[in-house]
Amino acid sequence: MLIIREPQMRAMGLALFERWMTDHLRTHFPDQCSGLNDPQLLEFVRLGTQKARSYGFSDEAHCCRYIDLMTILGRDFDSDTELPWARDILTDPAISTPGVRIEMLHEAACEYLERLEGPADETEAEDLP
């Protein structure tokens, strides 16, 4: 009889997540991933998973969102002096629920990216009903 122990199950689960995550990044962020070969992208996913876990994100969905943000904002967005809001959210002891923390981080990142894009072109606004 084959016996699979808990550490083996965790290792298989992590390997499956890493494979899924690399496929996810290549599908949803092709431009950002185009310069990375498979081992480099896997290293990026592993770094992201490690960083996400250091902030209390153990759920795969939370780790995925964290790695997505790393892909968009940069590998070290959590310590980037140009993005102090990210560090503030990640280290705020008042935000104890990981789901709330990742949602706040995602919302703040969306607001930041919208500000970077600037206001919509006036001619585009005129076309709206």
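The following paragraphs lead through a predicted model, beginning with its nonpolar core and moving on to its charged side chains.

The largest nonpolar core comprises 30 residues. Within this core, the residues with the most contacts are Leu25, Phe57, Tyr66, Leu73, Phe77, Trp85 and Leu105. Two or more core residues come from each of the elements H1, H3, H4, H5 and helix H6, the last of which spans residues 98-117. Helix H4 supplies the largest share, namely seven residues. As a general background, nonpolar side chains in soluble globular proteins tend to be buried together.

Two residues help to trace this part of the model. Trp85, one of the residues with the most contacts inside the core, touches Leu73, Leu105, Ala108, Ala109 and Tyr112 when neighbours within four places in sequence are set aside. Leu90 lies in helix H5. Its relative accessible area is 4%, and Leu90 is therefore classed as buried, the cut-off being under 20%. With neighbours within four places in sequence again left aside, Leu90 is in contact with Tyr55, Phe57, Tyr66, Phe77, Asp78, Arg101 and Leu105. The C-alpha atoms of Leu90 and Ile102 are 8.2 Å apart, while the two residues are separated by 12 residues in sequence.

The contact list of Leu90 includes Asp78, a residue that leads to the charged groups. Asp78 forms a salt bridge with Lys51, with 3.1 Å between the closest N and O atoms. This pair links distant parts of the chain: Asp78 is in the loop between H4 and helix H5 (84-91), whereas Lys51 belongs to helix H3, and the two are 27 residues apart. Both Asp78 and Lys51 are buried. Through salt bridges that share partners, Lys51, Asp76 and Asp78 are joined into one network.

How many salt bridges does the model contain in total? The count comes to six. Another of them pairs Glu18 with Arg46, whose closest N and O atoms are 3.1 Å apart. Here too distant parts of the chain are linked, since Glu18 is in helix H1 (residues 6-28) and Arg46 in helix H3 (residues 38-54), with their positions 28 residues apart in the numbering. Glu18 has a relative accessibility of 9% and therefore counts as buried. Arg46, with a relative accessible area of 44%, is partly exposed.

A further salt bridge lies within helix H1, where the side chains of Asp23 and Arg19 meet at an N to O distance of 3.4 Å. Because Asp23 and Arg19 are four residues apart in this helix, about one helical turn separates them. Asp23 is partly exposed at 40% relative accessibility, and Arg19 is exposed at 56%.

Asp68 presents a further case. This residue is found in helix H4, which covers residues 60-73. Which side chain of opposite charge is nearest to Asp68? That side chain is Arg65, at 6.5 Å. A salt bridge requires a nitrogen to oxygen distance within 4 Å, so a separation of 6.5 Å does not qualify. Asp68 is thus buried yet has no salt bridge. Apart from neighbours within four places in sequence, Asp68 is in contact with Met21, His24, Leu25 and Phe29. Among these, Leu25 is also one of the residues with the most contacts inside the largest nonpolar core.

Methods
Residues numbered from 1 in each chain as written. Predicted model: local features only at pLDDT ≥ 70, side-chain atom pairs only at ≥ 80, totals over all residues. Heavy atoms only, no water. Buried < 20%, exposed > 50% of the residue type's maximum accessible area, 1.4 Å probe, protein only. Lys, Arg positive; Asp, Glu negative; His and termini not counted. Contact = heavy atoms within 4.5 Å. Core = buried A, V, L, I, M, F, W, Y, C linked by side-chain atoms within 4.5 Å.
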